[in-house]
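This report describes how a protein model is divided and how its ligand is held. The model is shown first.

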Amino acid sequence: MNDILRKQFLRHVAQTSPAPQLIEVARAEGVFFYTPEGKPYYDLISGVSVNNVGHGNPAVVEAVQRQAADYMHVMVYGEMVERPQVEFARLLAESLPEPLDTVYFLNSGAEAVEGALKLAKRYTARTEMISMRRAYHGSTHGAMSMMGAPEGEEWKNAFRPLLPDTKAISFNCFEDLEQITTRTACVLCEPIQGEAGVRPPKDGYLQALRRRCDEVGALLIFDEIQVGMGRSGEMFAMQKYGVTPDIVCLAKALGGGMPLGAFVSSQKIMSTLTHDPVLGHITTFGGHPVCCAAGLAAMKYLQQNKIVEDVERKGAMYESLLQDHPAVKEIRRAGLLLAVELGESEKLYKIMDHFIEEGILSDWFLFCDTAFRISPPLIISDDEIRDSVSMIRRCLDRL
Ligand code: PLP
């Protein structure tokens, strides 16, 4: 580690916590990144479910280089016809269930959530917005307003007042669906909760949520920012459960490693953003051509190489190779997103240090500090799974 660079990082790059990981990255390839001294780390976070096609994926690198040479930013979003944007929107529309066929590109997950909330208010002319307890949707004011209580309260309290007319119900609680009424503009829900520590829906829950929203005329918004683009074992988690929302938010892996977010809806709903007022939602950089070229290449790579088809098997392999370890209390899993439950936060903090020594990058979850995360690039090989499991088991032995 270059000491001067580390000091400058701490002095001049705004910090988000008193304890950053402070590993210097020299380069990254496949499922590894390397320090300047050449120490490899297994990336079991994927930049929090971003690098689904692996670091330095040649198809993505080539698309970025080609598009950067052709043109980068030309005009604010929505005015010019930019081929990478159009082709990516068409591919997403073809791959999502009907009627999700109109894509609004932005720069990040939080922005996708902001756009979706505004669209729901505009379309329904209602104001109440409901989210789920222990949900994370981003850090901007609107997205933070939808952060699920009670765990989110500590964050929210420091930044109040936030958006009015928001409330949280419990994910997987059928009785709470009664709280969705004709006053409700939208319900925002991760089909599989990520930062709550990987919580899949109970049988029939998402279907019941869909039914309730239909009964009262509220829009259902799925946040697939973390679990979309193949992570769950389907290209989109909604396909696992056969439930189609009115709006879906995508980001993270959407850009193949470049910053890109999107909310997708039907043309009928989305078109309300074009009038009363015109320019109802605008962005300068949203749908940047280089980011769209990268995202398009990444999604085609997933499809052409049948990567998603193998995600469930690979996730199950991690689960079966780890579940018999005595330190492991439970494994919660959706595709290649695993929460390995240790039952105590002290153990978790300890194992994080062991992981770094061993050459593994993992972390915990915003609303669950007793479980560690396994969410490697989806292209990880069976040998790499076995090898990383041996390293994890060595760390578990030391607890
Ligand atoms: N929604 C979910 C489910 C997330 O996991 C995240 C980020 O972790 C976000 C939204 C926010 O995305 P971004 O950090 O790109 O704003």
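## Domain arrangement

The C-alpha centres of domain 1 and domain 2 are separated by 26 Å. Domain 1 comprises 3-52 + 307-397, and domain 2 comprises 58-304; these bounds come from an automatic or database domain assignment. Between the two, 28 residues of domain 1 are in contact with 31 residues of domain 2, contact meaning heavy atoms within 4.5 Å.

## Basis of the model

The model is predicted: local features need pLDDT of at least 70, side-chain atom pairs count only at pLDDT 80 or more, and totals for chains, interfaces and linings use all residues. Residues are numbered from 1 along each chain as its sequence is written, and side-chain values use heavy atoms, with hydrogens and water left out.

## Ligand surroundings

The residues around the ligand (a heavy atom within 4 Å of it) are S108, G109, A110, Y136, H137, G138, E190, D223, I225, Q226 and K252. This shell consists of 3 nonpolar, 5 polar and 3 charged residues; in this division Ala, Val, Leu, Ile, Met, Phe, Trp, Tyr, Cys and Pro are nonpolar, Asp, Glu, Lys and Arg are charged, and the others, Gly among them, are polar.

## Polar contacts and cover

Polar contacts to the ligand are pairs of N or O atoms within 3.5 Å. A polar side-chain atom of D223 is 2.6 Å from a ligand nitrogen atom. A backbone N or O atom of A110 lies 2.8 Å from a ligand oxygen atom, and a polar backbone atom of Y136 lies 3.4 Å from a nitrogen atom of the ligand. The protein covers 82% of the 390 Å² of accessible area that the ligand has on its own (Shrake-Rupley method, 1.4 Å probe).

Note on methods
Polar contact = N/O pair within 3.5 Å; in protein donor to acceptor, adjacent residues only side chain to side chain.
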